[in-house]
Structure formats: C-alpha cells, structure tokens
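Work through these exercises with the model open beside you. Try each task before reading its solution.

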Amino acid sequence: MALRNAVMAALLEGEASGYDLAKGFEASVANFWMATPQQLYRELERMESEGLVSARVVQQERRPNKRLFSLTEAGLDVLRDYVGEAPAKPPALRDELMVKVQCVDIGDVGDFEAVRASVAERFERATAKLARYLRMQDRMLDGRTEDEYLATAERIGPYLTLQGGIALERANLQWSETALKRLEQRAAALAEPSGD
C-alpha cells in the first residue's frame with residue numbers, strides 16, 4: 001500500500017490541511033500506517049500534481065496562509081480502484097526488537113539488560129497507545145453500545161481500523177509482559193551458582 005492511499009482514505013473525512021492530516025494520522029491512522037509530516041507534505045504535493053487532490057489557499061491573519069486539500073473525482077476513482085483490488089497482502093513484519101530478543105542470550109552478542117529495557121519500553125508504549133485508542137473508542141461510541149453505533153454510524157471503517165489497533169496493542173502488551181517475565185526468570189537462573 002502506498003502512502004497516497006492512506007492519505008486519500010483520511011481525506012474521505014473531508015477537506016484538511018497538511019497539518020490537520022499529520023495530526024489526524026497521529027490520532028486515527030497511526031494504528032495501521034505511520035508517516036512523518038514531511039512525508040505527508042511531499043505526498044500531497046505529488047498527489048496535487050497528478051490531479052488526485054486539489055488545494056485551496058485560506059488567508060489567515062497573524063499566521064501563514066494554509067492550504068486545504070480535498071479529493072478530486074480522479075482521486076476518488078484511484079481510491080475506488082485500490083479498494084477493489086485483489087486481497088491485500090499480509091503485512092511484512094520487520095521488528096528490530098525481535099532481532100534483539102533473538103540474540104539476547106548469545107555469549108558476547110547479547111546484552112540482557114538492554115534487551116529487557118527495550119521490552120519494558122515496548123510494554124510502556126503499548127500501554128499508552130492502548131489507553132489512547134480506548135479513549136478514541138469511547139468518543140466514537142459516545143455512550144452507545146457497539147451494536148448501536150455500528151447500526152447508525154455513517155462510516156464504520158474508522159471504527160473497524162481502531163479495533164485492529166486495539167487488538168494489536170493488546171497483543172503487544174501480552175507478549176511484552178510474558179517476555180519480561182521469562183527474561184527475569186532467565187536472569188535469575190543465570191545468577192544462581194552452578195553447583196560445580
């Protein structure tokens with residue numbers, strides 16, 4: 001999937017500035033697509049030159065003017081084609097922490113404490129992200145049950161992707177908690193005298 005598809009999906013919510021898109025990505029799309037603000041701005045420029053989005057300038061006092069982007073018909077057509085393509089490929093897992101964990105107990109290579117600290121950091125990040133996603137879910141539901149929300153919501157895609165993010169962070173929490181426990185058990189076993 002290209003960044004442009006994620007940008008066009010975000011623009012389905014309506015007109016937005018590059019800044020708004022960057023903040024929106026951080027709040028709503030980050031559970032399945034990461035992009036820096038610089039990447040977003042470059043992609044918006046390319047998409048505008050290809051006619052996939054249009055931009056209008058909003059004059060502002062005391063601040064630089066801002067450009068608001070919206071999908072064009074051509075952009076909607078490209079997005080429709082993308083959504084209708086063959087099933088999405090499974091994501092490629094490239095996780096630097098997993099490489100470090102793989103090496104944790106290899107003689108001169110492994111740094112047990114550094115790996116344990118990295119796993120603990122993963123746990124803390126997952127905890128914070130899960131809390132943020134659950135707050136977003138509460139705002140979406142706004143006191144309704146999930147069934148009530150899904151029966152009346154104009155769009156359910158954002159809710160379903162949020163559920164994917166919640167599931168991912170719960171899995172990260174479960175894995176990192178288990179890994180920390182096993183690492184601590186291993187450290188304790190290594191610290192015991194061998195009895196020789």
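**Exercise 1.** Find the helix that holds Gln-137, decide whether Gln-137 is buried or exposed, and list what Gln-137 touches beyond four places in sequence.

*Solution.* Start with the location. In this predicted model, Gln-137 sits in helix 6. Next, check the surface. The relative accessibility of Gln-137 is 15%, and buried means under 20%, so Gln-137 is buried. Last, look for contacts. Leaving out residues up to four places away in sequence, Gln-137 touches Tyr-159, Leu-162, Gln-163 and Ile-166.

**Exercise 2.** Place Arg-122 in its helix, then find which side chain makes a polar contact with the side chain of Arg-122.

*Solution.* Helix 6 covers residues 112-141, and Arg-122 is found there. Check burial next. Arg-122 has 13% relative accessibility; the limit for buried is under 20%, so Arg-122 counts as buried. Now the polar partner. The side chains of Arg-122 and Asp-95 are joined by a polar contact of 2.8 Å. Then widen the search. Residues up to four places away in sequence are not counted. Arg-122 touches Asp-95, Leu-97, Met-98, Asn-172 and Ser-176.

**Exercise 3.** Compare the span of helix 8 with the expected span, and state which helices its buried residues pack against.

*Solution.* Take the length first. Helix 8 has 35 residues. From its first C-alpha to its last, helix 8 reaches 51 Å, close to the 51 Å expected at 1.5 Å a residue. Now pick out buried positions. Among them are Tyr-159, Leu-162, Ile-166, Asn-172 and Ser-176. The buried residues of helix 8 pack against helix 6 and helix 7.

**Exercise 4.** How many aromatic pairs are there, and why is the pair of Tyr-149 and Tyr-159 given its class?

*Solution.* The count comes to one aromatic pair. Use the geometry. The ring centres of Tyr-149 and Tyr-159 are 5.1 Å apart and the planes meet at 45°. Planes under 30 degrees apart count as stacked and those over 60 as edge-to-face, so this pair is tilted. Then locate the rings. Tyr-149 lies in helix 7 (residues 146-152) and Tyr-159 in helix 8 (residues 157-191), 10 residues apart. Finally, check burial. Tyr-149 is buried at 8% relative accessible area. Tyr-159 is buried as well, at 2%.

**Exercise 5.** Which elements supply at least two residues each to the largest nonpolar core, and which gives the most?

*Solution.* Begin with the core itself. The largest nonpolar core has 18 residues, and Val-7, Leu-11, Leu-21 and Phe-25 have the most contacts inside it. Helix 1 (3-11), helix 2 (18-29), helix 3 (37-49) and strand 3 (66-71) each supply at least two residues. Helix 1 gives the most, with six residues. A second, separate core has eight residues, including Leu-97, Ala-179, Leu-180 and Leu-183. Return to helix 1. Eight of its nine residues are buried. Val-7 and Leu-11 are among them.

**Exercise 6.** What is the strand order of the open sheet, and which are the edge strands?

*Solution.* Read across the sheet. The three strands of this open sheet have the order 1-3-2, with antiparallel pairing. Strand 1 (16-17) and strand 2 (53-58) are the edge strands; each pairs on one side only. Now count the links. Strand 2 and strand 3 run antiparallel and are joined by six bridges. To find one such partner, start from Val-57: its bridge partner in strand 3 is Arg-67.

Notes:
Residues are numbered from 1 along each chain as its sequence is written. This is a predicted model: local features need pLDDT of at least 70, side-chain atom pairs count only at pLDDT 80 or more; totals for chains, interfaces and linings use all residues. Side-chain values use heavy atoms; hydrogens and water are left out. Rings of Phe, Tyr and Trp (its six-membered ring) pair if their centres lie within 6.5 Å; planes under 30 degrees apart count as stacked, over 60 as edge-to-face and the rest as tilted. Helices (H or I, at least four residues) and strands (E, at least two) are DSSP runs, numbered from the N terminus. Buried means under 20% relative accessible area, exposed over 50%, partly exposed in between (1.4 Å probe, protein chains only). A polar contact is a pair of N or O atoms within 3.5 Å; within protein, one must be able to donate a hydrogen and the other to accept it, and residues adjacent in sequence count only if both atoms are side-chain atoms. Contact means heavy atoms within 4.5 Å. The expected span of a helix is 1.5 Å times one less than its number of residues. A nonpolar core is a set of buried Ala, Val, Leu, Ile, Met, Phe, Trp, Tyr and Cys residues joined through side-chain atoms within 4.5 Å. Two strands pair if DSSP finds at least two bridges between them.
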